[in-house]
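User: Please take a close look at the ligand site in this model. Which residues surround the ligand, and how is the ligand held against the protein?

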Amino acid sequence: MTIYFYTKNDDYGDFSNFSSHGIEMDGVWWKTVEHYFQAQKFEISPQREKIRESHTAKQAAELGRSRKVPIRPDWEVVKDSIMEEAVLKKFQTHEGLRDLLLSTGASDIVENAPADYYWGAGKDGTGLNKLGKILVKFRTQLSV
Ligand SMILES: Nc1nc(O)c(N)c(N[C@@H]2O[C@H](COP(=O)(O)O)[C@@H](O)[C@H]2O)n1
């Protein structure tokens, strides 16, 4: 069986980085994983704080995807570990999410994001689904 999620209102929408589960990272509070992830694209700058203070994950993603401010040159190298740390923190912070993740048993977990062939499965399912794989990895760690 495969569990799909995409928007935060889906059955498993709490697995989305857009879900309203905050995390503390670098000594400050981030409203969602998406806020933190998008802000890390930039060197320490007003842009980071602007993203942190944005009201919604959607707004944070828009700011993080804008190229009006250049992103850090090592982003492609560091983005996977930044995502893993933030997602792990989310599941460490919110006990109910750990239970939800464990409830998925041995199912594959797929971020069914049509436009995202890296973190998600893309429109045709051929994407790398990196976020789904991170979730399966943490589930395995929680199960032992
Ligand atoms: N809800 C949602 N909408 C999209 O359009 C998406 N691409 C995703 N996937 C998430 O987007 C984040 C990464 O985006 P960028 O690499 O900065 O474009 C990441 O949180 C994916 O899980 N979700």
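Analyst: What follows describes the ligand site, beginning with its surroundings and ending with the fold that carries it. The model is a predicted one, and the values below are computed from its atoms.

The space that the ligand takes up is the largest pocket. Around the ligand there are 13 residues, of which N17, E34, Q38, K41 and R65 come nearest. By character, the shell around the ligand divides into six nonpolar, two polar and five charged residues. Helix α1, which spans residues 33-39, gives the most to this shell, contributing three residues.

Several polar side-chain atoms can be placed against particular atoms of the ligand. R65, one of the residues that come nearest, has a polar side-chain atom 2.9 Å from an oxygen atom of the ligand, and E111 likewise places a polar side-chain atom 3.0 Å from a ligand oxygen atom. For D116, the partner is a nitrogen atom of the ligand, which lies 3.2 Å from a polar side-chain atom of that residue. On its own the ligand has 510 Å² of accessible area, and the protein covers 81% of it.

As for the fold around this site, the protein has six helices and four strands, and from the N terminus on its elements run β-β-β-α-α-α-α-α-β-α. The radius of gyration of the protein is 15 Å, close to the 15 Å that the globule rule gives for 144 residues, so the protein is as compact as a globular protein of that length. Taken along the principal axes, its C-alpha atoms fill a box of roughly 45 × 35 × 30 Å.

Notes:
Residues are numbered from 1 along each chain as its sequence is written. This is a predicted model: local features need pLDDT of at least 70, side-chain atom pairs count only at pLDDT 80 or more; totals for chains, interfaces and linings use all residues. Side-chain values use heavy atoms; hydrogens and water are left out. A residue is near a molecule or strand if one of its heavy atoms lies within 4 Å of it. A polar contact is a pair of N or O atoms within 3.5 Å; within protein, one must be able to donate a hydrogen and the other to accept it, and residues adjacent in sequence count only if both atoms are side-chain atoms. Accessible areas come from the Shrake-Rupley method with a 1.4 Å probe; for residues, only the protein chains shown count as cover. On a 1 Å grid over the protein atoms alone, a cavity is a set of points where a 1.4 Å probe fits but cannot get out, and a pocket is an open set with protein on both sides within 12 Å along at least five of seven lines; lining residues have an atom within 4 Å of a point. A molecule sits in a cavity or pocket if more than half of its atoms lie within 2 Å of its grid points. Helices (H or I, at least four residues) and strands (E, at least two) are DSSP runs, numbered from the N terminus. Ala, Val, Leu, Ile, Met, Phe, Trp, Tyr, Cys and Pro count as nonpolar, Asp, Glu, Lys and Arg as charged, and the others, Gly among them, as polar. The radius of gyration is taken over C-alpha atoms; the globule rule is 2.2 Å times the number of residues to the power 0.38.
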